[in-house]
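Subject: Structure handover

Hello,

Here is the structure I promised to pass on. Please open it next to this message and read the two together.

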Amino acid sequence: MGRTLVSITQQLAQAEQRLGRYRRALTRADQKIFDDLFALARRRLAASSMAADPLPMQVILLGMLIGTASAVAGLAARVEALEHDRPHLPRLDS
Amino acid sequence: MTARTFRAWILDLYPAPEGMVLWLKAGVEAGGRALRVVDDLPMSFFIAGESARLRAVWRGISGWGRGLSLGKARRFEIHRGREIDLLAVTAPGPLPYRAAVRDALAAWPDLAFYDADLDPAMVYCVERGVFPLAECDFVLEGTRLRSVSTGQTRWDLAADPPPFRMLTLRLTGELRDPSRGYRAPLEIAAPGLATRVCDWADPRALVAAVRDSLAEYDPDVLLTAWGDSFLLDELLRRARECGAELPLNRDTRRGVLRKPERSYFSYGRIVHRAASVWLFGRLHIDRQNAFLADEYGLDGLVELARTTLQPLQQVARTSSGTGISAMQTAEAYRRGWLVPFRKREPEDFKSALDLVRGDKGGLIFQPEPGLYEHVLELDFASMYPSLMVKYNLSAETVGRTCPKCKSSAPGGAEGSPSFPHSPSSDDRPPSSPFPFSQHKLGEGERGVEGSPAIIPEIGYPVCQCRQGIVPLTLEPLLEKRLALKRAARAQPEGPEREVLRRRQVALKWLLVTCFGYLGYKNARFGRIEAHESTTACGRDTLLRAKEIAEERGYRFLHALTDALWIHKQGSTDADHRALVEEIGRETGIRIDIEGVYRWLAFPPSRQYAANPVANRYFGAFEDGTVKMRGIEARRHDTIRWVREAQGEMLEILARAENAAQYRARLAEVFALAREKLAELRRGEVAPRRLAILHRISHPPEEYKANLPVALAARELAAHGVHLSPGESVEFVLTRGGGARPYDLWRETDRVDAARYRELFLRMLESLAVPAGCDRAAIVAELDGIRQYPLPGMARVPVGGLLPAAA
């Protein structure tokens, strides 16, 4: 109804498809990371849509970065909690 | 001739050579009889163009005779935002009106026509202040109607429907489409009438039984199953063959009206509308062909006929979009505004960046797949129509400003398109507050004259000085639906409450469709910029709700256009009420608590387990009721065996109080699954429960691959069954990769258990994967290789690169 442009959801799917050969040349382990990165971008599609960027890959990459940073922050919090419980462990920043 | 008064309902109305024919239905106390009367209905259309051209048209039409009268007129043209000069052509009745429009269009196709395709029933209702199925007081002189009046309005909550006399015609046995070859004796039934069952082998007796039942019972409504596509035509054919009369109409001057079948694209899929058979003086409703009637029944159809001013037979066969369009046309006609014919409003010019900003739909926050506890679901009540009313979003108000608001409009020009209005990064900051926020209206507030609202993201100004045609149409509709919902809630469980529920559901579909029609290029009161503005306001409203919820400590899980799913450990009912009050106050749109889920599952994508899927979820509310969307038990294309099994499994899971109990109860689900699969292996599942319903997208002969649907469609075609794109085929998967149409199933056919097991497994995945159980584990569990509980099942949610920060 009334849509002229492809939606951000379709643009992400097209971007993933365009990179099919790139993905093929990755190792199996890296292919899993590739798929996970796109999953992270997918979960942030609402923000990508609001950005209305004429170059959608920019916001898709930003979604991957934010997802990765969020995961790192989660791990850091867990490490901190472990360090707190086990003070004898060598600290990450030491 | 002396005049007499008559109190009755307007059962049906349609044009005829003598004017408008009305069928009046008296109350039971007056014998319940039906009466045919005739009224006059002059109808006008208008032509716009240069003065010299209009003078030439005047001279041309003057020569036609036919009782046409001509005159000058000046009327409001909504797309131009002002009154324009016109040539008015008035015909003495609806049929001469149609003929004059047709000839004028052929003679001057380049001129702009208005009011040129009005429905005579609508015009009659507006002119006389009545509506279909209204109870009215009539003054009659013979069969001529002298006056009509009613104390009712179409917005009344308490309005009894006419006391319909209803006769049912259907084939006995299970409900199956006879146009696919199914035959069973014909059953003729009506309250207080001995049910007749007639065999097709004796057509003379069959036709006589139908004729006698019609004569004896004189029904107002003929309710059939496949009456449109098969039954009535077949009965008339048999009557002709044996030289018998079969007057299906009450109006003996008319034959039945047949409208051909058609296939068309709608929302990216092909839809088939069966042929239809219309009666005169008697209403034919085919329950298999009535649009959405399964959801709201005859009560909903009556509500729609009254609200949209369309006769009952018409409303039963047209979409909600047609209903909303009819209401807008009626509203414009009532106000004396011009109704455009073949709209000539191209989309305004926009830059590529404008298009990227504006050409978007509702906001969708994808959920992280997994199983969650204590989830609150909030739904905005009729979000889009409410926004259209609140911000006056209409074809003629968005991007157009009037003299009063000229001074304050940022890009508007009086009465003309103000696009492109592309706020640059200098005048529009990338973050809140948007200009829209400054104009944001609280609950019950309205826009201020002279102060146009500015749409967020896209910056279109919206004139607030004159209410637009779309909000004018929607406002009473929203109020009536809300009042019906409140009245239903106030009633105890029972038939009266059910009637109110059906009526409000029928209106809900009008409200759902009104947004789509705002952007539909052929809708006469549609304009893409108004459509874009509605979604932009919707996105802003949803984001504001998200911000408020997060400020109050809720974790945001999922949102879909006008609904959001949030979680806060230990939140209480009082917290939830405070939250919805604040969101309602801040956004100006009412938001309701749909419920609190004990547990809620978001299944992952089937292609990749880390990928989320929007609008696919299921969960149990605190009272144990289950809500599901997008999963097998809810989908129309799921086979009955799988759907019923998933329903039973969800009943088991609904007893779980939390996610841990959910996982524990999966053991019962797997036990049930093993039983069901054993029944399948033993051949104990009836083919009926395994039949797959599939809509065909091409004519059967155009399928190139040997897909099961193609095999079934071709076999039906070989048996003389004509199928059009958009029609559905039911088939059963057979051994060796084959498929047999269900209607041609033979005792010797064997079901392909392996392929049905696969369908069953996919259904089971929807339930088990969100709890951390992958496909390999499910298969192992079903095969009895491993014992429950399975290792790794406690990991919730699944998927993802790494665990996310809390």
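My notes follow, chain by chain and then by sheet and domain. Please keep in mind that this is a predicted model.

**Chain A**

Chain A is helical: five helices, zero strands. Along the sequence the pattern reads α-α-α-α-α. The chain does not fit the globule estimate. For 94 residues a compact globule would have a radius of gyration near 12 Å, but chain A comes out at 18 Å. The C-alpha trace spans about 60 × 30 × 20 Å along its principal axes. Buried residues account for 22% of the chain. Of the contacts with a separation of 6 or more, 44% join residues 24 or more positions apart.

One residue to look at is A:Ala46. Helix α4 of chain A, residues 45-51, holds it. Is A:Ala46 buried or exposed? It is buried, because 21 other C-beta atoms lie within 10 Å and the cut-off for buried is 20 or more. A:Thr9 is 37 residues away along the chain, yet the two C-alpha atoms are 9.2 Å apart. Which residues does A:Ala46 contact, once neighbours within four places in sequence are left aside? They are B:Leu363, B:Ile364 and B:Phe365, on chain B.

**Chain B overall**

Chain B has 21 helices and 30 strands. Its radius of gyration is 30 Å, which agrees with the value near 28 Å for a compact globule of 806 residues. The C-alpha atoms fill a box of roughly 90 × 80 × 55 Å along the principal axes. Buried residues make up 42% of the chain. Contacts between residues 24 or more positions apart are 65% of those with a separation of 6 or more.

The largest nonpolar core has 215 residues. Those with the most contacts inside it are B:Ile10, B:Leu22, B:Leu24, B:Leu301, B:Trp599 and B:Phe731. Helix α13 of chain B, residues 495-519, gives the most to this core, with eleven residues.

**The seven-stranded sheet**

Chain B has an open sheet of seven strands in the order β19-β23-β24-β20-β25-β26-β27, with antiparallel pairing. The edges are β19 (364-365) and β27 (626-629). Each has a single partner strand, so one side of each is left without a neighbour in the sheet. Inside the sheet, β23 (555-560) and β24 (563-567) of chain B pair over five bridges. B:Phe556 stands opposite B:Ile566 there. Helix α14 of chain B, residues 528-551, lies across β20, β23, β24 and β25. It runs at about 165° to β23 of chain B.

**The three-stranded sheet**

Another open sheet in chain B has three strands, in the order β28-β29-β30, also with antiparallel pairing. Its edge strands are β28 (692-695) and β30 (738-741), and each pairs on one side only. Neighbouring strands are turned by 45° against each other on average, direction ignored. Strand β29, residues 728-734 of chain B, is joined to β30 by four bridges. B:Leu733 stands opposite B:Ala739 in β30 of chain B.

B:Phe731, one of the core residues with the most contacts, also has B:Ala739 among its contacts. Others, with neighbours within four places in sequence left aside, include B:Ile692, B:Pro708, B:Val709 and B:Tyr742.

**A hairpin**

Strands β5 (69-77) and β6 (82-91) of chain B run antiparallel and are joined by nine bridges. B:Gly71 stands opposite B:Ala88. Four residues lie between the strands of this hairpin, and B:Gly81 takes a positive phi near 75°.

**Domains**

The domain assignment splits chain B into five entries:

- domain 1: 4-149
- domain 2: 166-289
- domain 3: 348-395 + 398-465 + 527-602
- domain 4: 627-685 + 752-806
- domain 5: 688-750

How far apart are the centres of domain 2 and domain 5 of chain B? The separation, taken over C-alpha atoms, is 26 Å. Eight residues of domain 2 are in contact with nine residues of domain 5 in chain B. On the domain 2 side, strand β16 (269-273) of chain B supplies the largest share, three residues.

Over to you.

How values were computed:
Residues numbered from 1 in each chain as written. Chains lettered and ligands numbered in written order. Predicted model: local features only at pLDDT ≥ 70, side-chain atom pairs only at ≥ 80, totals over all residues. Helix = DSSP H or I, 4+ residues; strand = E, 2+ residues; numbered from the N terminus. Rg over C-alpha atoms; globule rule 2.2 N^0.38 Å. Buried ≥ 20, exposed ≤ 12 C-beta atoms within 10 Å, placed from the backbone. Contact = placed C-beta atoms within 7 Å. Core = buried A, V, L, I, M, F, W, Y, C linked by C-beta atoms within 7 Å. Pairing = 2+ DSSP bridges. Axes fitted to C-alpha atoms, helices over the stretch in contact; angles between N-to-C directions. Domains from an automatic or database assignment.
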